[in-house]
Amino acid sequence: MAVADLSQLVKAYDVRGVVPDQWDETLAELFGAAFVQVTGASAIVTGHDMRPSSPGLSRAFARGAAARGVDVTEIGLCSTDQLYYASGALDLPGAMFTASHNPAQYNGIKMCRAGASPVGQDTGLTEIRELVERWSETGGPAAAAEAGTLTRRDTLKDYAAYLRALVDLTSVRPLKVVVDAGNGMGGHTVPTVFEGLPLDVVPMYFELDGTFPNHEANPLDPANIVDLQKRVREEGADLGIAFDGDADRCFVVDERGAPVSPSVITALVASRELAKNGGKGTVIHNLITSWSVPEVVKEQGGTPVRTRVGHSFIKAEMARTGAIFGGEHSAHYYFKDFWNADTGMLAALHVLAALGGQETPLSALVAQYDRYAGSGEINSTVADQSDRLAAVRAAYDGLEGVQLDELDGLTVTATDWWFNVRPSNTEPLLRLNAEARDEAAMAKVRDEVLAIIRA
């Protein structure tokens with residue numbers, strides 16, 4: 001295998017590529033060996049999703065680790081947050097085999113240190129990549145004098161019990177909820193987590209199938225929640241929940257089938273976590289979540305902290321500030337009670353508890369957190385990212401009452417609106433998010449900025 005391929009395979013936060021074209025079990029074995037060398041671990045935990053290539057890749061990684069004398073606990077089929085649970089509860093570095101919502105031919109590895117602390121570009125992934133590149137030329141490291149053991153362990157019930165201890169649903173009113181697992185790992189975790197709760201669950205696409213026969217397992221794309229929206233209305237359900245492929249993200253629709261913005265869910269869960277914490281605490285939000293998030297956090301007595309987009313930045317800020325909760329526009333939700341890791345399932349339980357703890361429908365409950373008109377993320381393919389970004393900057397720089405900041409791309413803020421334009425790290429795209437006090441103002445700003453980007 002050509003060594004140079006790893007530049008396409010190892011991303012900022014994880015490993016991801018096409019199997020077997022970009023990587024295979026031989027390479028997975030080297031990643032296992034490199035992971036234990038970089039983490040210095042004597043024992044690790046591994047898990048995998050339902051993709052056809054996942055069991056083989058996961059087992060190869062385990063073999064590579066065990067050959068270096070490291071004991072491996074294999075939890076088998078799991079969601080990504082279930083792997084984080086195992087890493088936290090067992091206090092072991094972990095590796096999850098998944099490519100999240102990518103098409104079936106992709107697979108990847110999300111790695112963490114003990115206690116679910118992330119392994120990214122600046123926290124070990126670069127060193128892991130360098131070792132794998134070197135070993136793929138030289139034939140790998142020497143085996144340890146004594147190989148480690150491989151042990152199977154089922155953590156699903158423990159994971160479910162842990163989450164249910166964090167959110168009390170025993171006394172909520174009965175709710176009818178449609179759950180779209182998208183043939184991903186939600187089909188594996190939801191039945192156990194929701195078992196015995198006052199929920200009438202209508203399952204959609206719970207069959208584990210890594211070829212995603214019904215729709216892509218990415219609920220952020222409106223096309224992928226159409227089935228859920230229709231079913232919620234047909235069933236007269238109280239709400240709908242969609243999970244992505246590895247079930248670490250959850251997306252919510254209300255009783256009318258209308259999508260509830262992840263910013264709104266962030267504000268709702270933040271207010272619950274702050275209430276639980278006596279009205280004090282730090283809440284992390286990235287710079288493209290709605291203005292309503294920091295507003296709600298302040299109203300509830302908390303401290304909002306704004307970060308760049310991306311889970312490694314959020315997790316780092318969670319650790320640095322001791323934050324109780326963090327939320328992203330992409331429907332990733334991070335909890336102090338969950339080793340600062342992201343779990344869509346815990347966010348879903350919070351939404352169910354909030355809805356079931358009062359009498360109004362979800363649309364009315366979330367209205368207090370939905371205060372502005374947002375554009376959603378709009379991608380534009382451009383020939384030169386920095387040139388177009390500079391053109392946007394030039395158009396707004398020096399305008400009265402307008403502030404510019406460059407924490408992540410370019411954010412331009414006025415009294416009644418803001419927008420952020422940031423380059424994709426992986427594609428020739430600029431991503432625009434805009435928000436304003438009303439729909440007309442948002443549309444005006446959005447169209448002005450798009451005209452410059454696409455000029």
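Analyst: Let's begin with residue classes: Ala, Val, Leu, Ile, Met, Phe, Trp, Tyr, Cys and Pro count as nonpolar, Asp, Glu, Lys and Arg as charged, and the others, Gly among them, as polar. Keep in mind that this is a predicted model.

User: How many residues of each class are in the lining of the second largest pocket?

Analyst: That lining divides into four nonpolar, five polar and one charged. The nonpolar residues are Leu287, Trp291, Pro294 and Trp418. His285, Thr289, Ser290, Thr411 and Thr413 are polar, and Arg306 is the charged residue. The volume of this pocket is about 170 Å³.

User: What about closed spaces: how many cavities of 30 Å³ or more does a search of the whole structure find?

Analyst: The general idea first: rolling a probe the size of a water molecule over the atoms shows where empty space is left. Here, the search finds two cavities of 30 Å³ or more, and the largest cavity has a volume of about 60 Å³.

User: Which residues line the largest cavity, and which element gives the most to that lining?

Analyst: The lining is made up of Tyr13, Tyr84, Lys110, Met111, Cys112, Ala116, Pro118, Val119, His311 and Lys315. Strand 5 gives the most, with three residues. Both strand 5 and helix 11 (311–321) supply at least two residues each. By class, seven residues of this lining are nonpolar, one is polar and two are charged.

User: Let's turn to packing. Which residues touch the most other members of the largest nonpolar core?

Analyst: In soluble globular proteins, nonpolar side chains tend to be buried together. In this model, the largest nonpolar core has 82 residues, and Phe194, Leu239, Phe243, Phe338, Leu352 and Leu362 touch the most other members. Helix 12 (residues 344–356) contributes the largest share of this core, ten residues. There is also a second, separate core of 33 residues, with Leu9, Ala28, Leu125 and Ile128 among them.

User: If I centre the view on Leu239, what is in contact with it, leaving aside its neighbours within four places in sequence?

Analyst: You will find Val177, Val178, Val232, Val252, Val253, Val351, Leu352, Leu355 and Leu362 in contact with Leu239, together with Lys176 and Asp254. Two of these contacts, Leu352 and Leu362, are also listed with Leu239 for touching the most other members of the core.

User: Now the backbone. Where is there a cis peptide bond?

Analyst: Look between Val19 and Pro20, where omega is about 0 degrees. Pro20 sits in the loop between strand 1 (15–18) and helix 2 (25–39).

User: And which residue has a positive phi of about 55 degrees although it is not a glycine?

Analyst: That is Ser100, in the loop between strand 4 (94–97) and strand 5 (106–113). Ser100 counts as buried because its relative accessibility is 3%. Asn183 is another non-glycine residue with a positive phi, about 60 degrees in this case.

User: Where does Asn183 lie, and is it buried or exposed?

Analyst: Asn183 belongs to the loop between strand 8 (175–180) and helix 7 (186–194). With a relative accessible area of 2%, Asn183 is buried. Beyond its neighbours within four places in sequence, Asn183 is in contact with Met50, Tyr205, Glu207, Leu208, Asp209, Pro213 and Asn214. The side chains of Asn183 and Asn214 also make a polar contact of 2.8 Å.

User: Thr192 lies in helix 7; why does Thr192 count as buried?

Analyst: Buried means under 20% relative accessible area, and Thr192 has 19% relative accessibility, so it counts as buried. Leaving aside neighbours within four places in sequence, Thr192 is in contact with Leu156, Lys157, Ala160 and Arg164.

User: One last residue: what is in contact with Tyr369, leaving aside its neighbours within four places in sequence?

Analyst: Val264, Ala267, Leu268, Ser271, Ser292 and Val296 are in contact with Tyr369. With Ser271 there is also a side-chain polar contact of 3.1 Å. Tyr369 is in the loop between helix 13 (362–367) and strand 17 (373–374), and counts as buried at 7% relative accessibility.

User: How far apart are Tyr369 and Leu346 in sequence and in space?

Analyst: They are 23 residues apart in sequence and 19 Å apart in space, C-alpha to C-alpha. For another pair to look at, Asn183 and Met204 are 21 residues apart in sequence, with 8.3 Å between their C-alpha atoms.

Technical notes
Residues numbered from 1 in each chain as written. Predicted model: local features only at pLDDT ≥ 70, side-chain atom pairs only at ≥ 80, totals over all residues. Heavy atoms only, no water. Helix = DSSP H or I, 4+ residues; strand = E, 2+ residues; numbered from the N terminus. Buried < 20%, exposed > 50% of the residue type's maximum accessible area, 1.4 Å probe, protein only. Contact = heavy atoms within 4.5 Å. Polar contact = N/O pair within 3.5 Å; in protein donor to acceptor, adjacent residues only side chain to side chain. 1 Å grid on protein atoms, 1.4 Å probe; cavity = no way out; pocket = protein on both sides within 12 Å on 5 of 7 lines; lining within 4 Å. Points joined across faces, edges and corners; volume = space filled by probe spheres on them. Core = buried A, V, L, I, M, F, W, Y, C linked by side-chain atoms within 4.5 Å.
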